[in-house]
Amino acid sequence: MNIDSINNGIVIDHIKAGQAMKIYDFLELDKLDCAVAIIKNATSNKQGKKDIIKIDSQLDVDLNALGYIDPSITINIIVDGVRVKKYHPELPLTITNIIRCKNPRCITSTEQELPHVFKLTNREKDEYRCIYCESRASI
Ligand SMILES: [Zn+2]
């Protein structure tokens, strides 16, 4: 893959420097067969340093969930070599099984099969709370 150009795929840009692996793990990119390029510490006019991930394939995942990890990233969708869409992920209203509730008294610590679900409770503050015990999530 020429890392400068992908024909059909996704470019995740403006990732905070050092966060690319977190997104890589989150999207489970290690399970893909297609080419994936991670560019670390690229120079950015806006941020100083940034990470970039290029995926040479369309992913069937909700990229808005990335808004929880880093709402300032830019997602570029490339089709036939042309950027057809560019957007920032929205903070998802609920996130499931991305973070775990750390409250030892929470029902999720005894009921292992329960999904870990957090709800957005304050958009300005990026605040999520466990739907069972209302503990605040820590990123
Ligand atoms: Zn909880």
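This section walks through the fold of the protein chain, from its overall layout to its sheets, cores and a loop contact.

The structure described here is a predicted model. Confidence is summarised by a mean pLDDT of 89 for the protein chain, with 96% of the residues at 70 or more. Among the elements, helix α3 (residues 107-110) has the highest mean pLDDT, at 95, and α2 the lowest, at 84. As a reminder for anyone inspecting the model closely, predicted coordinates should not be read in detail where pLDDT is low.

The protein chain contains eight strands and three helices. Starting at the N terminus, these elements follow the order β-α-β-β-α-β-β-β-α-β-β. The C-alpha trace spans about 50 × 30 × 25 Å along its principal axes. Of the 139 residues, 21% are buried. Contacts between residues at least 6 apart in sequence include many that reach further along the protein chain: 59% of them join residues at least 24 apart.

The domain assignment divides the protein chain into domain 1, covering 9-87, and domain 2, covering 94-130. Taken over C-alpha atoms, the centres of domain 1 and domain 2 are separated by 25 Å.

A good place to begin with the strands is β3 (48-55). This strand is largely enclosed by the rest of the structure, because six of its eight residues are buried. Strand β2 (residues 36-44) pairs with β3 in the antiparallel sense through seven bridges, and S44 has G48 of β3 as its bridge partner. Strand β1 is also antiparallel to β3, and five bridges join the two. Here I15 is partnered by D51 in β3.

The nonpolar residues come next. In soluble globular proteins, nonpolar side chains tend to be buried together. The largest nonpolar core of this model has 16 residues, and those touching the most other members are I10, V11, I12, I15, I23, I52 and I53. At least two residues of this core come from each of β1 (9-16), α1 (20-26), β3 (48-55) and α2 (66-69). The biggest contribution is that of β1, which provides four residues. Another core, of five residues, lies apart from this one and includes F118, Y128, C130 and A137. Returning to the largest core, V11 offers a closer view of one member. Beyond its neighbours within four places in sequence, V11 is in contact with I6, I52, K54, N76 and I78.

An open sheet is built from three strands in the order β6-β7-β8, with antiparallel pairing. Its edges are formed by β6 (94-96) and β8 (127-130), each of which pairs on one side only. From one strand to the next, the twist averages 35°. Within this sheet, strand β7 (residues 117-122) and β8 run antiparallel and are joined by four bridges. One of the paired positions is N122, whose bridge partner in β8 is E127.

Finally, one loop residue deserves a look: N64, in the loop between β3 and α2. Is N64 buried or partly exposed? With 16 other C-beta atoms within 10 Å, N64 is partly exposed, because a residue counts as buried at 20 or more such atoms and as exposed at 12 or fewer. N64 and E90 lie 26 residues apart in sequence, yet their C-alpha atoms are 5.5 Å apart in space. Setting aside neighbours within four places in sequence, the contacts of N64 are P89, E90 and P92.

Terms used. Residues are numbered from 1 along each chain as its sequence is written. This is a predicted model: local features need pLDDT of at least 70, side-chain atom pairs count only at pLDDT 80 or more; totals for chains, interfaces and linings use all residues. Two residues are in contact if their C-beta atoms, placed from the backbone, lie within 7 Å. A nonpolar core is a set of buried Ala, Val, Leu, Ile, Met, Phe, Trp, Tyr and Cys residues joined through C-beta atoms within 7 Å. Domain bounds come from an automatic or database domain assignment. Two strands pair if DSSP finds at least two bridges between them. Axes are lines fitted to C-alpha atoms, for helices over the stretch in contact, and angles run from 0 to 180 degrees between N-to-C directions. pLDDT is the predictor's confidence in each residue, from 0 to 100.
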